[in-house]
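Visitor: Please take a close look at a single part of this protein and explain how that part sits within the whole.

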Amino acid sequence: HDHLTLVTKSQGTFKVPNLFECKNGRCVTYDKVCDLQDDCGDGSDENECQNNFRCNVNSSLFGVSYIPKSSLCDGKFDCADLSDECSGECGRRLRIIKNILLKISAWIIGILATMFNIVLVSKNFFSIRKIRTSASLLNKTLIIAISFGDGLVGLYLILIGIADQRFGSEFCTLQR
């Protein structure tokens, strides 16, 4: 683990020496303390440890789950509830578009690309009837195909901008 955790025995009385006493009264050996497993059943052998992160899931289906601190905010979901990446500790890391300049650029380029390419596709499509040679027909067809593809890229940028506006910071939790 990336963090060293020292566990010391308290000055209280022990029923059995060399054992960690859990808050629920159970006892576990000290090698079970801070090992990322809830050996006590109440989490008291992991709660004060500095080497782990406690996932927010706490149910009979998932139980209590701990991950190493080094796995927190690393871009990979380790907790079943995604709290290791979507918690306040990670902040706004996993937004669709984080930088305001990129957001503005996506909107402007997306709108312009969509509009201009709709005009190009329409103009070239309606001028096909006037073409006399097969080479000209091939050129017009390629221009229409490229313009259509470029228009789809513009539309995609607009959709990314809409998704960023709509989902914002909730985007992280929708990654399942």
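**Ser127 and its surroundings**

Guide: In this predicted model, Ser127 has a relative accessible area of 18% and is therefore counted as buried, since the cut-off for that class is under 20%. Its place in the chain is the loop between α2 and α3, the latter helix comprising residues 134–167. Two polar partners can be named for the side chain of Ser127: a polar atom of this side chain lies 3.1 Å from the backbone oxygen of Asn124, and the side chain also makes a polar contact, at 3.4 Å, with the side chain of Lys140.

Helix α2 covers residues 100–126 and includes Met115, which offers a contrast with the buried serine, because Met115, at 46% relative accessibility, counts as partly exposed. Met115 belongs to a nonpolar patch on the surface, formed together with Ile100, Leu101, Ile104, Ile108, Ile111, Leu112 and Phe116, and the accessible area of these residues together is about 780 Å².

As for the whole, the protein has three helices and four strands, and its elements follow the order β-β-β-β-α-α-α from the N terminus. Of its 176 residues, 28% count as buried, and Ser127 is itself classed as buried. The protein exposes about 12000 Å², of which carbon and sulfur atoms supply 59%. Among contacts between residues at least 6 apart in sequence, 38% join residues that are at least 24 apart.

Key
Residues numbered from 1 in each chain as written. Predicted model: local features only at pLDDT ≥ 70, side-chain atom pairs only at ≥ 80, totals over all residues. Heavy atoms only, no water. Patch = residues over 30% accessible without salt bridge, like charges linked within 9 Å, V, L, I, M, F, W, Y side chains within 5 Å. Areas by Shrake-Rupley, 256 points an atom, 1.4 Å probe, with all protein chains shown as cover. Salt bridge = Lys/Arg side-chain N within 4 Å of Asp/Glu carboxyl O. Helix = DSSP H or I, 4+ residues; strand = E, 2+ residues; numbered from the N terminus. Buried < 20%, exposed > 50% of the residue type's maximum accessible area, 1.4 Å probe, protein only. Polar contact = N/O pair within 3.5 Å; in protein donor to acceptor, adjacent residues only side chain to side chain. Contact = heavy atoms within 4.5 Å.
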